[in-house]
Amino acid sequence: MVSTFRLVLLVVLSTGCGSDATVDNAEWRGSPEVTGSVTLDGASLSAVTVSFETTENTLLVATTDAAGMFTLDLGDAGESAIGKYAVRINGTAESNLTESQQVPARYNEKTELVVDILDGKNNFDFQLESTGSPGISDR
């Protein structure tokens with residue numbers, strides 16, 4: 001009886017411990033997804049770059065569409081993209097921003113925008129103002 005118990009215990013403990021049991025980290029935790037929008041004084045900004053930069057100089061860049069929306073392509077970064085980022089928003093030649101639509105320096109070279117990219121879905125709506133302080137709506 002004792003030897004039968006040991007045999008059953010050995011079989012139970014060894015099940016699932018083989019090398020065939022793998023976990024795909026992308027399915028387990030999921031790679032972050034980053035989307036959002038950019039407005040200046042309530043108006044959507046199209047064709048502006050939204051750059052996410054870490055202190056280790058990791059740089060991820062998206063461009064807004066005609067509605068001011070963006071989706072950040074993380075490429076091979078996957079889960080390593082999780083972390084804190086300074087965000088810089090710049091007009092491009094295609095932006096055709098009027099003088100009143102120029103993105104103030106506090107949103108680009110002297111950025112005040114900082115976000116945390118977390119595991120899962122991240123949505124950042126950057127509500128920029130010509131004067132005053134920035135608004136960031138997340139999640």
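# Exercises on a predicted β-rich chain

N57 counts as exposed, because its relative accessibility is 59%. The model is a predicted one. The exercises below start from this residue.

## Exercise 1: N57 and its hairpin

Task: Place N57 in the fold and describe its backbone.

Solution.
- Start with the location. N57 sits in the loop between β3 and β4.
- Next, the hairpin. β3 and β4 have five residues between them, and in this hairpin N57 adopts a positive phi near 65 degrees.
- Check the residue type. N57 is not a glycine, yet its phi is positive, at about 65 degrees.
- Add the exposure. The cut-off for exposed is over 50% relative accessible area. N57 has 59%, so it passes.
- Finish with the pairing. β3 and β4 run antiparallel and share five bridges. V50 faces A62 of β4.

## Exercise 2: The open sheet

Task: Give the strand order of the open sheet of four strands, and explain what is special about β4 and β7.

Solution.
- Write the order. The strands run β4-β3-β6-β7, and the pairing is antiparallel.
- Look at the ends. β4 (59-63) and β7 (113-117) are the edge strands, each with a single partner, so one side of each has no neighbour in the sheet.
- Add the twist. With direction ignored, neighbouring strands of this sheet are turned by 30 degrees against each other on average.
- Now follow β3 to its other partner. β3 and β6 are antiparallel over six bridges. V48 is opposite G91 in β6.
- Check the cover of β3. Five of its six residues are buried, so the strand is mostly covered.

## Exercise 3: An aromatic pair

Task: Classify the ring pair F52 and Y85, and say which parts of the chain it ties together.

Solution.
- Count the pairs. The structure holds six aromatic pairs.
- Take the geometry of this one. The ring centres of F52 and Y85 are 6.2 Å apart and the planes stand at 80 degrees, so the pair is edge-to-face. The cut-offs are centres within 6.5 Å and, for edge-to-face, planes over 60 degrees apart.
- Locate the partners. F52 belongs to β3 (residues 48-53) and Y85 to β6 (residues 83-91), so the pair links parts 33 residues apart in sequence.
- Check burial. Both F52 and Y85 are buried.
- Widen the view. F52, F70, Y85, F124 and F126 make up one aromatic cluster.

## Exercise 4: The nonpolar core

Task: Name the residues of the largest nonpolar core that touch the most other members, and list the elements that give two or more residues to this core.

Solution.
- Begin with the background. In soluble globular proteins, nonpolar side chains tend to be buried together.
- Name the residues. The core has 25 residues, and V38, F52, I89, F126 and L128 touch the most other members.
- List the elements. Two or more core residues come from each of β1 (33-40), β3, β4, β5 (69-72), β6, β7 and β8 (121-128).
- Zoom in on L128. Beyond its neighbours within four places in sequence, L128 contacts V38, T39, L40, D41, I89, V103, Y107 and L113.

## Exercise 5: T39 and D41

Task: Is T39 buried or exposed, and what is unusual about the phi of D41?

Solution.
- Place T39. T39 belongs to strand β1.
- Apply the cut-off. Buried means under 20% relative accessible area. T39 has 17%, so it is buried.
- List its contacts. Leaving out residues up to four places away in sequence, T39 touches S44, L45, F126, Q127 and L128.
- Move to D41. D41 lies in the loop between β1 and β2 (43-44). Its phi is positive, about 55 degrees, although D41 is not a glycine.

## Exercise 6: The whole chain

Task: Summarise the chain by its elements, burial, contacts and surface.

Solution.
- Count the elements. The chain has two helices and nine strands.
- Read them in order. The pattern is α-α-β-β-β-β-β-β-β-β-β.
- Take burial. Of the 139 residues, 32% count as buried.
- Take contacts. Among contacts with a separation of 6 or more, 60% join residues 24 or more positions apart.
- End with the surface. The accessible surface is about 8,800 Å², and 52% of this belongs to carbon and sulfur atoms.

Notes:
Residues are numbered from 1 along each chain as its sequence is written. This is a predicted model: local features need pLDDT of at least 70, side-chain atom pairs count only at pLDDT 80 or more; totals for chains, interfaces and linings use all residues. Side-chain values use heavy atoms; hydrogens and water are left out. Rings of Phe, Tyr and Trp (its six-membered ring) pair if their centres lie within 6.5 Å; planes under 30 degrees apart count as stacked, over 60 as edge-to-face and the rest as tilted. Buried means under 20% relative accessible area, exposed over 50%, partly exposed in between (1.4 Å probe, protein chains only). Two strands pair if DSSP finds at least two bridges between them. Axes are lines fitted to C-alpha atoms, for helices over the stretch in contact, and angles run from 0 to 180 degrees between N-to-C directions. A nonpolar core is a set of buried Ala, Val, Leu, Ile, Met, Phe, Trp, Tyr and Cys residues joined through side-chain atoms within 4.5 Å. Contact means heavy atoms within 4.5 Å. Accessible areas come from the Shrake-Rupley method with a 1.4 Å probe; for residues, only the protein chains shown count as cover.
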